[in-house]
Structures are given as C-alpha cells and as structure tokens.
Amino acid sequence: MVTEEALSLTPRSWLQALAKGERKRLLGAAFCGVLAGSQTIVVVVGLAWLIDQLVVHDQLPVTLLPIFSLLVGCVLLRAAFQWGHETLSLEASLLIRQRARVELLDKLSALGPVWLTSQHSGSLANQAVEHIDALEGYFARFYPQLRITLCLPLLILAVAGWLDYLVALFLLLSAPLIPLFMALVGMGAERLNRDQFVAVSRLSAHFIDRVRGMTTLQLFGRTSDAQQDVWYATDGYRRLSMRTLRLAFLSSAVLEFFSSVAIAVVAMYVGFGLLGYIEYGPSPSLTLFSGLAVLLLAPEFFQPLRTLSQHYHDRAAALGAAESVVNILNQPSLVSEHRYETPLSDRSAIELTAACVSYPSRGQVIGPIDLTVRRGEVVALSGASGSGKSTLLALLAGFIAPSAGEYRRQDSHFAWLDQQPCMLHGSLSDNLRLANPEASREEMVAALQGAGFGPLLAQLPEGLETLIGERGVGLSGGQAQRLALARIYLSNAPLVLLDEPTARLDQETEQSVLAALLELSQQGRTLVIATHHPAVIAAAQRHLTFEQGQLVEVIS
C-alpha cells in the first residue's frame, strides 16, 4: 500500500526528488557552466589588459601575440565547457522525464481500472505527455542555471573588487533587486502556469468528447453548438496563454531595466573617475586597464541573472505541470498488493475473509464477505443495480484492495470482461491477439465461433482482417460483446470474471454463449459471472446474491 510519505508529495518536493536521481549530471552541468563563465572573465580582463598595453604603453602587437593566443585558447575552452554544460543538462533532463513518466504510469497502474474509469482518458494522456515534457526546461535550463547564478557572480564580484572595490560594492547592492522582483513575478507566473495546464487538460478532454460524440451530434443537429463550445474553450485557453506571455515579457523588461541602469552607473563612475572628477576611495588610481575591465565585467555580472530570468518561466511551467502530476501520485493505490502471499488449499481458487470495500466519498459499499470459490466452479452473482456486483468482481480481479479483511487468489492470470469491453482501432485479429498474441488463425476462428460471432464472420469479405474503429465502431453492441467473449476463449486464464456477458444478446445467441462458457468450466477454469439473466443463473453451479450489502448464497 502507499505510505504516508508518498501521499504527502508536493510539486517542489517531487521535483527535488527527481533531481536527486540525476544529481551528478546536473551538478556537472552547473560546474561546466561556471568554468565557461570563468573563461569569460579571463577573456574580458585579458582584453582590457591588451588594449591598455596597446594604447597607454605603446606596446607592439607582435609582442602581445602570446597573450592573444592565450585568450583565443580561453575562447575555445569556453566553447568546450559550454558544450559540456548543455550536453549534461539535456541528458539529465531526458533521463528525469523518462523516470517521471514511468513513475506516473506505474501509479496509474497501481490505481487500477476502477479509479481510471472515473477519469477522462484525454486529460490523463495530456498529463502523461505534455505535463511531463513541460519539466524539460526546468531541469535542462533553470536548475543548472540557478547553481551557476549562485557561484559565477561571486567570482566576478571578487575580480571586480580586486580591481576597484567601489564598483564591486555597487554591483553587490544592485544585485538583490533583480532576484526580489523575479520572486514577486514568479509567484504570479506559477499560478498562471498552473491554471494554463488545467485549461489545456480540460480542452483535451472537451475536444475528445466532441469527436467521440460526433455521430450523435450530427443525428440531433447539434454540430454547430458543439463547434461553438470548442471555440469558446480554445479562446479561453488563448487568453490565458497571452496573460502568461505578458507576465514573462514584463519580468524580462524590468530585469533589463535594472541591469542597464546598473551598467550605466558603472560606466559613469569609470568615465568621471578617469577624467579626475571623482577623488573618493580607489577612484584616483583608476587606469584604462582597471576601468575598462570593470566596465566589461559589469554586464557579465548580470548575465547569469538575466539568463536565469529567461528560464524562470520554465520553473513556473514545471511547478504548474508537477502539481497536476502530484495530485495523481498522492492518490491512495486501490490495487491489492498482497493477494498471492498466503497459499490457498489445492481446491480453492479464491478466498475472502471478512473482506470489505470502501470508497472515500461513499464509505463502505460491500462487506464483510466470507467467500471461498473452488476451482472449476461456475458462480453467478446477482442483485439489484448498485448492490455491489461489479465492485465484488473488481475485488476478485485485484483491481481494488480490500479496505478490511483478507483477499487471496490462487493465480495471477485471469480473464476479464466488463459491461463495456475495450476495442482498439485495428482488425478483428489485432483485437483477438490482445488475449493471446501467439494464437493461430484457426484458434481465433474457433473462439469467434464459440462466442457466437461465426455467422457474422462468414459474411465479412476480409474475414479476420476486417477493420473496426476504436470502442468497437463498425460493430453493434452485441457484436462487440461477442468479440470480447472470443478473447476470453482464446486466453488460457484459469479464472474468468464476467460482468453481464450476455447483455445485448438475443436469446439464441445467449444460449450458444452459455454453452461455450460451460465448456470452459469443464476444462477446469473457474467462472464468476455477475448477471441479471435467469438463464445464466440457472446454468451456474452456485448462486450468490446481494441483500442489503451482504452476500448471501441462494440454495436451490
């Protein structure tokens, strides 16, 4: 089961946990960035020294070739360090996103089909793809740049202080204004990005709903209204995106303003100091070398902060995306994790001991239940709609864990058929091979015959290669049910769980399907069937019914 620590994730703690997995690469990327910045400092100071030697000391260019060659080497070294910075950060970001996507998909698997049926597939797909990809900028750019910003300006400040401590003091005083404004803007950007991710998830779900219901909308003449709804949804997303962009441009403009003013003040100080108008502190000792060096270092001092500001929206986007993912990760797992630990007796397939199922919003829905299903039995479950038949089937399948009591199952391999069977876009054979990828054509035809699909198969010109759409488009409800039953026959699962398998079937087809199901039981396979049909109940060996939340066996 999920621990309390796993249920207390926050977007920031989750991002930090992901970063720890690639800590070496991320720190290596930041270290390479600092080394690249240090080479820039060497180049800037060296260039100021060369100009000073040429202009003030009248040195011949030939005599300065070794220093010039050294600076060229520093430029090449800076390019190498920059390449290392980008390569390591991109590799770390890719690996982190792969790990985050696996973590999310594992969590969706742990939540199980019962939880997934209450969610929209379009929204979940958007979270697994778009929201995880939104983490790229945070780990590839913002996270290493934040470490660079903490180190490189201090290094530049030390060099500037060595040349002129007044310039270093002014840079030190002006620097905090930029992070302060970034933090203020960042709070608003984080909220806007969070709203933006929620909006795009809703837009994805909204669009998929309209596409899936296109036939119904056309039948009732509502396509224009649906088109208008989609337009309003997309326009709302556009407005939200523009607000996010306006905030990003505003933060960049203010940052540029502060840094430009600071650089301009440094330039004025150097100019007036060289002209002799300032005689305070180290100003009288200003030279062309020291003045030019600090003037060239001033933009480099603010450059890491400016780069961090450019990537600050990556942080806001990552936090907005992480919040939606963390909401899923914090969901308590429903799937049972201990169903195979205790061995059963040789004749038992399933054992429930005082088992209960509860939902947070509904409380206890079934239980306590004591039940033993023996191998090869055909058990029918009946009861009023909403009495708990489908919930008990989900418990037997392991899709949900008991909130109390024990649940044990002999084998992890089982076959499942619910009231809305899953059909994928593809051929009939593609859908059949979901149950048994190694099945031969003869086995697939025999399975279709046993499920009552044979007469329709004989009428199809392309036979098993006939294409159907997603969710069984191209087949009637009964035909889709028979195709799903054929998958049950193809599987070799010792336990078969069926939820209304003969729903939407005519009486003749129902009898043929029942005969095929009874043949499965004669092969030693255990069948548990939730049904309302008297014919199915009569064919079962045991009949269990729900009465006031309790499971009672009916003795005939």
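A residue counts as buried when its relative accessible area is under 20%, as exposed when it is over 50%, and as partly exposed in between. By that yardstick Ala 354, with a relative accessible area of 33%, is partly exposed. The model discussed here is a predicted one, and the same three classes come back several times below.

To start with the whole protein, the chain has 556 residues, and 48% of them count as buried. The secondary structure comes to 19 helices and 11 strands. Contacts reach far along the sequence: among those with a separation of 6 or more, 80% join residues 24 or more positions apart. As for the outside, the accessible surface is about 27,900 Å², and carbon and sulfur atoms hold 59% of it.

Some of the helical stretches also carry a label from a record. In an unreviewed UniProt entry, the annotation "transmembrane region" covers residues 26–51, 63–81, 146–163, 169–189 and 247–272. Two of these spans can be set against the model. Residues 26–51 are 100% helix and 0% strand, and the C-alpha atoms at the two ends of the span lie 38 Å apart. For residues 63–81 the helix share is 89%, again with 0% strand, and the end C-alpha atoms are 29 Å apart.

Next comes a pocket. The second largest one has a volume of about 410 Å³. It is lined by 20 residues, and those closest to its centre are Gln 82, His 85, Gln 145, Ile 148 and Thr 307. Four helices each put at least two residues into this lining: helix 3 (23–55), helix 4 (65–116), helix 6 (136–163) and helix 11 (288–310). Helix 4 gives the most, with 6 residues. Sorted by character, the lining of the second largest pocket holds 10 polar, 6 nonpolar and 4 charged residues.

Helix 4 is also home to Leu 116. With a relative accessibility of 32%, Leu 116 falls between the 20% and 50% cut-offs, so it counts as partly exposed. Once neighbours within four places in sequence are set aside, Leu 116 is in contact with Leu 108 and Leu 124. Just ahead of helix 4, the loop that joins helix 3 to it contains Asp 58. The backbone of Asp 58 has a phi near 55°, a positive value in a residue other than glycine. Asp 58 counts as exposed because its relative accessibility is 59%, which is over the 50% mark.

Ala 354, the residue from the opening, has a positive phi too, at about 50°, although it is not a glycine. This alanine lies in strand 1, which runs over residues 348–359. Strand 1 also contains Ser 348. In contrast to the partly exposed Ala 354, Ser 348 is buried, since its relative accessibility is 5%. Leaving out residues up to four places away in sequence, Ser 348 touches Thr 372, Val 373, Arg 374, Arg 375 and Gln 410. Another part of the chain comes into view at Thr 526: it sits 178 residues from Ser 348 in sequence, with 9.9 Å between the two C-alpha atoms.

Last comes helix 13, covering residues 389–397. Of its 9 residues, 8 are buried, so helix 13 is largely enclosed by the rest of the structure. The buried ones are Lys 389, Thr 391, Leu 392, Leu 393, Ala 394, Leu 395, Leu 396 and Ala 397. Ala 394 makes a handy example from helix 13. Its relative accessibility is 5%, so Ala 394 counts as buried. Beyond residues up to four places away in sequence, Ala 394 touches Val 114, Phe 399, Ile 400 and Trp 416. Leu 497 is 103 residues away from Ala 394 along the chain, yet their C-alpha atoms are separated by 8.9 Å. After helix 13 comes Gly 398, where phi is positive, near 85°.

How values were computed
Residues numbered from 1 in each chain as written. Predicted model: local features only at pLDDT ≥ 70, side-chain atom pairs only at ≥ 80, totals over all residues. Heavy atoms only, no water. 1 Å grid on protein atoms, 1.4 Å probe; cavity = no way out; pocket = protein on both sides within 12 Å on 5 of 7 lines; lining within 4 Å. Points joined across faces, edges and corners; volume = space filled by probe spheres on them. Nonpolar A, V, L, I, M, F, W, Y, C, P; charged D, E, K, R; others polar. UniProt positions renumbered as here; feature names shortened; annotations may be inferred. Buried < 20%, exposed > 50% of the residue type's maximum accessible area, 1.4 Å probe, protein only. Contact = heavy atoms within 4.5 Å. Areas by Shrake-Rupley, 256 points an atom, 1.4 Å probe, with all protein chains shown as cover.
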